[in-house]
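Open the viewer, get comfortable, and follow along one selection at a time. At each stop you will read what to select and what is there.

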Amino acid sequence: METRRLIIIGSGPAGYTAAIYAARAGLKPLVFAGPQKGGQLMWTTEVENFPGFPDGVMGPELMDRCRKQAERFEAEVVDTSVDHIDLSHKPFVVKVGDQEHHADSLIIATGASAKWLGIPGEEEYKGRGVSACATCDGFFFRGKNVVVVGAGDAALEEATFLTKFANKITVFVRSGEMRGSKPLQDRAKEEDKIHIIYFTEVKEVLGDGQKVTGLKIINNQTGEESEIATDGLFVTIGHKPNTELVEGKLDLTKGYLVTEPGSSKTSVEGVFAAGDVADWKYRQAITAAGSGCMAALDCQRWLSEKE
Amino acid sequence: MSVLHLTKESFDQSVLHAEKPVLVDFWAPWCGPCQMMSPVIDGLAEEMETAVFGKVNVDEEQVLAQEHNILSIPTFLIYKHGQVVDQFSGAMKKEDLQSRLEKHL
């Protein structure tokens, strides 16, 4: 069987940028796009902070352009997900369904996924009022009352976005303060429709069997429980790195892939990491793209040193 | 077979009175996960002869979306003999969608 020089797992800004650099260097990388082709930006609308787009760019369009750019240089992008990888011998083995692919080197760019609360009723009412994507689902809450859970930039962005549709947006924050950036906080606090309530946790999603009707909440200072009526619950409590493929095979810290300082090298020689799967700090499209570039350059250098 | 572009007018005839099971995809052009799923639906429609595939653009068919209690997109409804037998939301792998549909064939 043919052994590829490089397989890239993931198709967000990190995976595609790594593919562009590696393809231009002649490595003919194979890219497995994974279960969320295009990554987290596919869940967004307008991206205003990616350099080179003075009028903003739609997240899905940006990713589509990245993919085309990679394919122009003969990166092969496949819309399937990897089931299993074997790093115990060379070449590395990447299993996809009943197919096996072999590669001298790997770039892991599997990104991160939205976290859920894990409370009763949440799973049952997903798509029936429970959502992790205001840009997808806000449209259906015109004139309604909704709740946003979370304290970071994403929660503030979602709450502000929802003012376009919803009547009233209540933001529940577990602690006594928001963690989001100052400009986003200021924008949210100026909105009459947004009400921020601190020290409050959601315990249960209530519904009528068809859709969400309310929430059971608790004030974590007084312990007082109560029920409120709402039509929707938007969960934006952060992301978790997608490390299922590499658990037990590569070193992790705080759940994230570990890379050598100033490098994209992981704990196994020939395996490199890029993007949110290895970044607990910045988590931006542009930093993911930057680290994708680093991984491709590190990989290229490593491959040529081996020869 | 190609994917049916469903409207309020065509829904009853194409979905409720269909002989084969029907998978209906509620979507909108501004929704990223819907864009991801669009080629998946097109591909399954090409490959599977035992089911019918339709799409409802919720921007154009707001009444239809409301009637079906759609609160999230993409949402998929599977109809069999005019009855909803399954409903689920969110982007998923082609194989997963296919096996979910095959349970009802």
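The tour below goes from whole chains down to single side chains. Keep in mind that this is a predicted model.

**Stop 1: the domains of chain A**

Start by colouring chain A by domain. Domain 1 is made of two stretches, 3-113 and 240-306, while domain 2 covers 116-235. If you mark the centre of each domain, taken over C-alpha atoms, the two centres lie 32 Å apart.

**Stop 2: where chain A meets chain B**

Now show both chains and select the residues in contact between them. On the chain A side there are 22 such residues, and on the chain B side there are 20. Together the two chains bury about 1800 Å², with 62% of that area on carbon and sulfur atoms. Which helix of chain A gives the most to the side that touches chain B? Select residues 134-137: this is helix 3 of chain A, and it provides three residues. Colour that side of chain A by residue type and you should find eight nonpolar, six polar and eight charged residues.

How many salt bridges are there between chain A and chain B? The count is zero. There are, however, three residue pairs in polar contact between the chains, counting pairs with both residues at pLDDT 80 or more.

**Stop 3: salt bridges within the chains**

Over all chains, the count of salt bridges comes to 16. Here is the general idea to carry with you: side chains of opposite charge can pair when their charged atoms come close.

Select A:Lys216 and A:Glu204 and show their side chains. They form a salt bridge, and the closest N and O atoms are 3.5 Å apart. A:Lys216 sits in strand 15 (residues 212-219) of chain A and A:Glu204 in strand 14 (residues 200-207) of chain A, so the pair links parts of the chain that are 12 residues apart. A:Lys216 is partly exposed, with 24% relative accessibility, and A:Glu204 is also partly exposed, at 25%.

Next, select A:Asp208 and A:Lys211. Their side chains meet in a salt bridge with an N to O distance of 3.7 Å. A:Asp208 has a relative accessible area of 44% and counts as partly exposed. A:Lys211, at 31%, is partly exposed too.

Then move to chain B and pick B:Lys94 and B:Glu47. The closest N and O atoms of this salt bridge are 2.6 Å apart. B:Lys94 belongs to helix 4 (residues 94-102) of chain B and B:Glu47 to helix 2 (residues 32-47) of chain B, with their positions 47 residues apart along the chain. B:Lys94 is partly exposed at 26% relative accessibility, and B:Glu47 is partly exposed at 47%. To finish this stop, return to chain A and select A:Lys37, A:Arg67, A:Glu71 and A:Asp79, which are joined into one network by salt bridges that share partners.

**Stop 4: a mostly covered helix**

Select residues 153-162 of chain A, which form helix 4. Seven of the 10 residues in this helix are buried. Which ones are they? They are A:Ala155, A:Leu156, A:Glu158, A:Ala159, A:Thr160, A:Phe161 and A:Leu162. Now add the surrounding elements of chain A: the buried residues pack against helix 3, helix 5 (182-190), strand 11 (145-149), strand 12 (168-172), strand 13 (194-197) and strand 17 (232-235).

**Stop 5: a buried arginine**

Go to A:Arg4, in strand 1 (residues 3-9) of chain A. Is A:Arg4 buried or exposed? A:Arg4 counts as buried because its relative accessible area is 16%, below the 20% cut-off. Its side chain makes a polar contact with the side chain of A:Glu76 at 2.6 Å. The side chain of A:Arg4 also reaches the backbone oxygen of A:Lys28, at 3.2 Å. Leaving out residues up to four places away in sequence, A:Arg4 touches several residues, among them A:Pro29, A:Leu30 and A:His102.

**Stop 6: an exposed glutamate**

Last, find A:Glu48 in the loop between strand 3 (46-47) and strand 4 (57-58) of chain A. A:Glu48 counts as exposed because its relative accessibility is 64%. Draw a distance from the C-alpha atom of A:Glu48 to that of A:Leu250: the two are 35 Å apart, and 202 residues separate them along the chain.

Note on methods
Residues numbered from 1 in each chain as written. Chains lettered and ligands numbered in written order. Predicted model: local features only at pLDDT ≥ 70, side-chain atom pairs only at ≥ 80, totals over all residues. Heavy atoms only, no water. Domains from an automatic or database assignment. Contact = heavy atoms within 4.5 Å. Buried area = accessible area lost by both parts, 1.4 Å probe. Salt bridge = Lys/Arg side-chain N within 4 Å of Asp/Glu carboxyl O. Polar contact = N/O pair within 3.5 Å; in protein donor to acceptor, adjacent residues only side chain to side chain. Helix = DSSP H or I, 4+ residues; strand = E, 2+ residues; numbered from the N terminus. Nonpolar A, V, L, I, M, F, W, Y, C, P; charged D, E, K, R; others polar. Buried < 20%, exposed > 50% of the residue type's maximum accessible area, 1.4 Å probe, protein only.
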